[in-house]
Amino acid sequence: PGRPGRPVPGTDFEAVPPNKLDAVTIPEGYDQRVVIRWGDAVEAGAPKFDFAKQTAAAQAKQFGYNCDFVGLIPQDPLGIRNLLVVNHEYTTEVHMFPADQYDPANPTEEQVKIAWAAHGLSVVQTFRDPIGGALHVTPSRYNRRITLNTPFEVRGPAAGSKFLKTSADPSGRKVLGTQNNCAGGVTPWGTVLSGEENVNQYFANADKVTDPVASARLKRYGFSGTATTRKWERYDKRWDLAQEPNEANRFGWVVEIDPNDPNSTPVKHTALGRFKHEAANVKITKDGRVAVYSGDDERFEYIYKFVSKGKYKPGDSAHARRHNSALLDEGTLYVGRFTGDSPAAEIDGTGKLPADGEFDGVGEWIPLASGTKSFVDGFTAEEIYVFTRQAADKVQPTKMDRPEDIQPNPVNGRIYAALTNNSQRGPAGKANVDEANPRPNNRNGHILEWDEEGGDAASTKFSWRLLLVCGDPKTADTYFGGFPKDQVSPISCPDNVAFDRHGNLWISTDGNALGANDGLFSVPVDGPERGHVKQFLSVPVGAECCGPVVTDHLVLVAVQHPGEDAPSSANPTSHWPDGGATQPRPSIVSVWKKGRWGQVGRIGVK
Ligand code: FEO
Ligand code: CA
Ligand code: CA
Ligand code: CA
């Protein structure tokens with residue numbers, strides 16, 4: 001590595017320069033189309049979207065707000081017919097209603113119910129135009145909205161736990177809805193795993209919980225204060241911790257949706273632990289078990305791995321889907337420790353590489369619980385699954401710079417994690433720098449890769465290194481896998497990751513700290529082009545870039561919260577995607593390469 005070579009397949013395109021345009025900007029020779037926007041029809045009978053006259057009944061059948069994870073599940077060998085599965089992470093009410101209709105201090109019951117219906121997931125069937133490359137949504141029996149009112153089955157070792165029982169659900173096994181679904185993953189058996197992330201923000205009155213044990217647990221998960229921003233607690237007591245303290249414990253899980261069975265009850269998987277799950281992605285172990293990787297996205301939180309007890313059955317038949325989903329109910333939950341191999345004095349906070357030329361080292365997976373067995377002193381297995389953060393605190397895992405999406409590379413077998421940023425590390429912060437998190441004021445984030453010992457996802461040992469230390473390549477505290485820095489695109493705040501068929505890593509960003517819009521970037525991870533970051537697209541003003549999906553024929557991204565920098569809908573800063581004086585709408589976009597003679601080209605292939 002370190003000597004530029006020829007562009008590798010999948011990344012041969014002209015990089016998009018950093019910009020602040022209110023548009024999705026793509027490379028020369030490519031084309032784009034909006035696939036589905038907030039408010040577009042998902043289920044049959046959905047009324048036409050009307051920004052000024054929205055209702056909860058309409059929203060429950062329409063595409064939800066703030067699209068994040070995007071999964072594309074082919075229904076035929078050519079990928080013409082696909083199921084598109086999208087998360088709707090959170091709501092921003094001041095942008096969802098006309099300014100003269102929405103009083104943040106006094107939302108109406110209907111407005112609150114609209115917000116509940118705008119959460120969750122959407123499943124739609126799509127057709128890819130074999131000539132143009134665009135993706136089109138079609139009415140179908142698969143089309144489905146999952147909202148904060150959809151019943152979920154709680155499964156695994158904490159199902160029925162005393163910590164999950166509420167007055168509305170004395171069984172502790174049935175939860176209404178999912179929220180703050182951030183990133184996710186498509187499983188090898190064709191279902192979708194989705195992480196419930198910043199769930200604390202919707203619960204009121206944590207400060208009124210007087211029991212010291214319950215109060216400490218809430219605090220460790222970020223539940224604090226009295227009234228919430230959204231005031232949902234006025235219309236359903238489950239959002240009021242003073243009345244229903246256990247409702248908090250029913251969120252913060254990995255959920256599984258089976259888009260191939262529109263009548264299926266979605267699942268909350270308790271064996272994967274409870275924290276601010278960014279996402280969950282699967283790799284099959286050498287002996288055929290299922291490993292699931294997940295980051296806890298908050299400053300100084302941890303990276304986790306689950307390894308199932310039972311073995312995977314290949315295929316995506318209804319039988320295989322049921323069998324493989326059940327594997328996530330029993331196994332071992334681990335937390336990661338990353339140890340550097342350079343002297344601590346060489347990790348000096350400047351971001352400069354240590355003398356051995358890399359931020360790297362070894363690591364181990366520390367077991368927390370396995371079935372009903374606890375590995376943590378002072379914690380029952382039940383407590384470990386429900387209060388995973390506090391159990392993990394006892395075993396000295398590595399405090400990371402906000403672990404976001406984690407994804408196994410299908411070509412080289414290594415695992416890749418985005419660490420988005422951390423403004424609080426360093427002498428004044430909660431932890432000093434370490435080799436895996438080497439910058440004290442990490443505004444731009446980094447990308448970590450590791451090899452499980454023997455290439456086996458079941459291994460409890462690994463070796464790791466930083467692939468990218470992100471930021472402005474002109475500054476000394478950045479690193480691009482050894483690639484010449486004068487040839488790369490600036491990149492800041494990596495969030496979601498994906499791989500193309502060639503094994504190139506694709507990174508979408510959230511919160512660009514370099515003064516330009518967020519976007520999607522490709523980077524080869526092996527050979528002479530390792531570290532050659534190139535920007536493929538940028539998203540409109542105020543938006544973060546989510547998704548992404550990269551196939552031979554198209555790239556899909558979610559444009560989340562365009563125009564979010566405006567204080568309300570009175571003066572929008574973005575008019576994307578509809579243009580003119582319209583309000584911005586979170587939407588999915590497909591991008592493809594225009595080929596010769598009207599044929600669709602291949603992404604990143606000249
Ligand atoms: Fe919802 Fe960690 O991004
Ligand atoms: Ca080193
Ligand atoms: Ca994310
Ligand atoms: Ca994000």
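# A walk through the predicted model

Glu43 sits in the loop that connects β1 (30-37) with α1 (56-59), and this residue is a convenient place to enter the structure, which is a predicted model. Glu43 is partly exposed, because 16 other C-beta atoms lie within 10 Å of its own, a count that falls between the 12 or fewer of an exposed residue and the 20 or more of a buried one. Once its neighbours within four places in sequence are set aside, the residues in contact with Glu43 are Lys61, Asn143, Arg144 and Arg145. Asn205, by comparison, stands 162 residues from Glu43 in sequence, and the two C-alpha atoms are 36 Å apart in space.

From this one residue we can step back to the whole protein, whose secondary structure amounts to seven helices and 32 strands. Its radius of gyration is 23 Å, close to the 25 Å that the globule rule gives for 606 residues, and the protein is therefore as compact as a globular protein of that length. Taken along the principal axes, the box filled by the C-alpha atoms is roughly 65 × 60 × 50 Å. Of the 606 residues, 55% are buried, and among the contacts between residues at least 6 apart in sequence, 63% join residues that are at least 24 apart.

One of the sheets is open and consists of six strands, which follow one another in the order β8-β7-β12-β11-β10-β9 with mixed pairing. Its edge strands are β8 (174-176) and β9 (181-186), each of which pairs on one side only, and from one strand to the next the twist averages 30 degrees. At the β9 edge, four bridges join β9 to β10 (residues 192-196), and these two strands run antiparallel; Asn181 has Glu196 in β10 as its bridge partner. As a general matter, strands of a sheet pair through backbone hydrogen bonds, in either a parallel or an antiparallel way.

Two strands of this sheet reappear when we turn to helix α5 (residues 318-327), in which Arg321, Asn324, Ser325 and Leu327 are buried. Viewed down the axis of α5, the buried residues fall within an arc of 145 degrees, so they line one face of the helix. Such an arrangement can be read against the general geometry of an α-helix, which has 3.6 residues a turn, so that residues three or four places apart point the same way. The face of α5 that is turned away from the buried side carries the exposed residues Ala318 and His319. The cover over the buried residues of α5 includes β11 (254-257) and β12 (267-269), together with β14 (289-295) and β16 (303-311).

Of these covering strands, β14 is joined by four bridges to β13 (residues 281-284), and the two run antiparallel, with Val282 standing opposite Val292 in β14. The pair β13 and β14 forms a hairpin with four residues between its strands, and in the turn Gly288 has a positive phi of about 85 degrees. A positive phi also appears in Phe300, a residue other than glycine, where the value is near 70 degrees. Phe300 belongs to strand β15 (residues 299-301), and it counts as partly exposed because it has 17 C-beta neighbours inside 10 Å.

Further along the chain, Cys493 likewise has a positive phi, of about 65 degrees, although it is not a glycine. Cys493 is placed in the loop between β25 (479-480) and β26 (494-499), and with 26 C-beta neighbours inside 10 Å it counts as buried. The strand β26 that bounds this loop also takes part in an open sheet of four strands, in the order β26-β27-β28-β29, with antiparallel pairing. The edges of this sheet are β26 and β29 (534-538), each with a single partner strand, so one side of each is left without a neighbour in the sheet. Here the twist from one strand to the next averages 25 degrees. Within the sheet, four bridges join β27 (residues 505-509) to β28 (residues 519-523), which run antiparallel, and Ile507 stands opposite Phe521 in β28.

The last stop is the loop between β31 (555-560) and β32 (587-593), where Pro577 lies. The peptide bond that leads from Trp576 to Pro577 is cis, with omega near 5 degrees.

Methods:
Residues numbered from 1 in each chain as written. Chains lettered and ligands numbered in written order. Predicted model: local features only at pLDDT ≥ 70, side-chain atom pairs only at ≥ 80, totals over all residues. Arc of directions from axis to C-beta. Contact = placed C-beta atoms within 7 Å. Pairing = 2+ DSSP bridges. Axes fitted to C-alpha atoms, helices over the stretch in contact; angles between N-to-C directions. Rg over C-alpha atoms; globule rule 2.2 N^0.38 Å.
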